[in-house]
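Welcome to a short set of exercises on rings and surfaces. Keep the 3D view open while you work through them.

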Amino acid sequence: MEADGWRCSRQRQVLFLFMFWGVSLAGTEFGWYSVMEETERGSFVVNLAKDLGLGDGELVARRARVLFDDNKQHLLLDSQTGDLLTNEKLDREKLCGPTEPCMLYFQILMDNPFQMYRAELRVRDMNDHSPVFQDKEMVLKILENTAEGTAFQLERAQDSDGGLNGIQNYTINPNSFFHIKITGNDEGMIYPELVLDKVLDREEQQELSLTLTALDGGSPPRSGIATIRIMILDINDNAPQFSQATYVTQALENSPVGSLIAKVSARDEDFGVNADISYSFFDASADIRATFQINPFSGEIILRVLLDYELVKSYKINIQATDGGGLSARCKVLVEVLDTNDNPPELIMSSLSNSVAENSPETTVAVFRIKDRDSGENGKMVCYIQDNLPFLLRPSMENFYILMTEGALDRESQAEYNITITVTDLGTPRLKTQHNITVLVSDVNDNAPAFTQTSYTLWVRENNSPALHIGSVSATDTDAGANAQLTYSLLPPQDPHLPLASLVSINADNGHLFALRSLDYEALQAFEFGVGATDRGSPALSSQARVRVLVLDANDNSPFVLYPLQNGSAPCTELVPRAAEAGYLVTKVVAVDGDSGQNAWLSYQLLKATEPGLFGVWPHNGEVRTARLLSERDAPKHRLLVQVRDNGEPPRSASVTLHVLLVDGFSQPYLPLPEAAAEQARADPLTVYLVVALASVSSLFLLSVLLFVAVRLCRRSRAASLGGCSVPERPFPGHLVDVSGTGTLSQSYQYEVCLMGDPGTSDFKFLKPILPNIQAEGPGSNSEENPAFRNSFGLNLQ
């Protein structure tokens with residue numbers, strides 16, 4: 001009950017709202033026009049632009065259109081000229097029947113802003129139909145003793161024209177017995193009556209034949225004729241009598257065919273044949289004869305076809321009862337057709353727009369009219385749409401409604417709306433009509449593209465092939481159509497020195513990125529640039545993202561040995577004292593790799609040695625050390641082949657040859673290896689020139705030193721001859737000769753040199769080595785006791 005009350009309250013609110021809008025949006029009563037029926041198609045009726053006071057082209061701009069109540073296009077509006085023309089030949093009789101005047105109602109609709117005018121078109125009648133009698137022959141039975149002046153009512157003729165073009169007069173051919181009298185009824189119709197002027201005599205003449213002519217008021221007039229056959233009868237002094245002069249009955253419009261509508265009854269006081277009564281229709285139209293039939297013996301009126309309240313609401317049937325003597329009586333049967341709710345409401349669409357631009361304010365989508373051919377409560381209607389839609393219905397005049405948006409729509413939220421307009425009548429049972437409308441929200445470019453990521457990181461291995469697809473960027477646009485079609489592009493690099501145009505390119509359609517040339521990790525490890533996505537809307541919208549490309553290292557560089565140098569010159573020979581213990585550092589192979597990561601992880605391996613097991617190479621740092629104590633049986637010359645290998649896939653390697661010479665201390669003269677001598681012999685001329693130049697410079701330097709020493713000795717001799725020469729208690733602070741460990745020794749050794757004051761010799765004396773961290777190793781390490789050590793440096797001067 002609460003739900004029903006709420007629904008009724010809601011309907012009252014809706015009806016009140018409709019009444020409010022009906023008052024505020026009602027159209028203007030404009031005017032009426034007329035046109036003659038049967039006018040040719042395209043005939044001029046009126047110029048609407050002038051009548052409405054509109055300027056040139058305003059009818060086109062405002063989408064003016066004409067809509068008739070019967071939903072037929074009787075007139076055609078030329079929007080360019082503003083002329084209202086006939087769209088077809090108009091037949092007044094088909095359009096209005098006998099109704100006069102014949103009025104057709106139509107509306108003039110215009111948009112921007114929406115306006116509606118109510119107008120009328122009168123179809124003027126022309127005399128295009130002749131009078132027609134339903135019965136071409138009428139039979140009258142008249143008693144011979146009928147008094148003069150007796151009038152006999154005849155059936156009238158039918159004329160589809162109306163007004164003056166309808167039937168105006170009846171005539172009869174000249175005769176001595178009868179004349180025609182015109183009578184009218186309360187409905188404005190005229191009937192012919194046959195008036196007896198002279199007493200009939202059956203014995204003289206048993207039958208008469210007269211011609212009845214019906215004339216209309218057209219110019220020129222049209223006519224129709226019927227024959228009156230008069231049969232003169234013997235006397236029958238009692239005519240039939242109906243029990244009622246008028247019968248009133250009702251029939252539902254959905255009554256089945258064959259239903260009994262009414263029954264009439266008449267009595268006759270005569271006897272025999274003169275009392276036999278037959279019933280028939282009198283002056284009945286073709287519509288009545290097609291709808292009803294009467295039993296001539298019982299007087300029952302039967303339904304022949306279904307009734308339709310919307311077409312005919314009532315019938316008046318004239319019934320005649322005739323006895324066997326020819327006397328007759330008449331009565332009327334009034335049939336009232338009762339309406340049933342058998343017609344659902346109708347929805348007639350006047351204008352419809354299936355597309356609405358998003359972000360638009362209130363926009364008219366459709367203009368339509370509703371009607372119900374039923375009457376009373378059955379004809380009352382309620383119109384509504386779904387509640388959860390951003391649309392509303394506004395009533396206008398005479399059951400016109402406007403469907404419009406409540407406000408701006410967002411296509412990205414919902415691109416399509418299915419609207420169901422429901423029209424329900426208030427009859428029992430309720431009938432309804434639904435009309436579905438699909439409204440598409442057209443797109444406006446109000447959304448910029450959005451990348452799936454604000455930044456992208458791509459990896460590409462160096463030495464790639466040109467035009468290699470290295471990755472993709474992707475953006476989406478929630479708009480539609482051209483507004484969602486994206487074009488990708490590279491943005492100008494922030495670093496002006498980055499040759500971006502020669503490094504990468506982007507496919508403008510799908511955002512695929514390609515490397516234009518082979519990348520080198522050693523030259524360029526990473527670079528960054530911006531990409532943009534622009535839609536094709538107007539105006540175009542865009543967004544940006546950053547892309548960082550990291551070049552992955554490939555193992556494309558072999559290890560390079562920095563020490564010992566492998567430049568084709570005389571090989572470097574490492575000196576190892578025979579007194580060296582196991583683990584003695586002979587030298588260190590130094591190598592680098594241009595790659596990175598595990599491709600630059602180097603390992604060292606001794607591939608080949610003169611005496612396997614004597615020397616070893618540490619795999620991780622390249623240090624070459626003795627693997628055991630040296631002995632006198634070990635060869636003095638050794639050749640080691642060391643391989644430097646990286647950890648790449650596949651691995652790359654380089655090899656270096658080391659020459660090791662075992663010496664008894666460091667005074668043993670350096671003996672070049674035969675192989676080195678052979679290689680030195682094969683040295684190019686440039687090397688020879690360099691050696692000669694170096695020898696010359698060394699000779700000059702040595703000569704300068706000798707001269708300097710000789711001068712000093714001379715001064716010392718002169719001083720000794722003067723005061724005697726005694727060995728000072730403390731020697732001269734000698735020059736420090738530095739022998740760095742970068743060549744063959746692992747530590748730096750410094751020797752203090754002093755020139756003795758003995759006049760009998762000029763030898764340089766190496767007193768002792770100054771060892772910063774370690775003591776002299778093995779026998780013969782004292783330079784003063786080991787002449788070989790002095791000679792190894794070439795410092796023994798005689």
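**Exercise 1.** Is Val592 buried, exposed or partly exposed?

*Solution.* Start with the ground rules: this is a predicted model, where local features need pLDDT of at least 70, side-chain atom pairs count only at pLDDT 80 or more, and totals for chains, interfaces and linings use all residues. Residues are numbered from 1 along each chain as its sequence is written, and side-chain values use heavy atoms, with hydrogens and water left out. Next, recall the cut-offs: buried means under 20% relative accessible area, exposed over 50%, and partly exposed in between (1.4 Å probe, protein chains only). Val592 has a relative accessible area of 38%, so Val592 is partly exposed.

**Exercise 2.** Classify the ring pair of Phe68 and Phe106.

*Solution.* Rings of Phe, Tyr and Trp (its six-membered ring) pair if their centres lie within 6.5 Å; planes under 30 degrees apart are stacked, over 60 edge-to-face, and the rest tilted. Nine aromatic pairs occur in the structure. For Phe68 and Phe106, the centres are 5.0 Å apart and the planes meet at 35°, so this pair is tilted. Now check the surroundings: both Phe68 and Phe106 are buried.

**Exercise 3.** Do the same for Phe451 and Tyr456.

*Solution.* Their ring centres lie 6.4 Å apart with the planes at 75°, so the pair is edge-to-face. Both Phe451 and Tyr456 are buried. Finally, follow the ring pairs onward: they link Phe451, Tyr456 and Tyr488 into a cluster.
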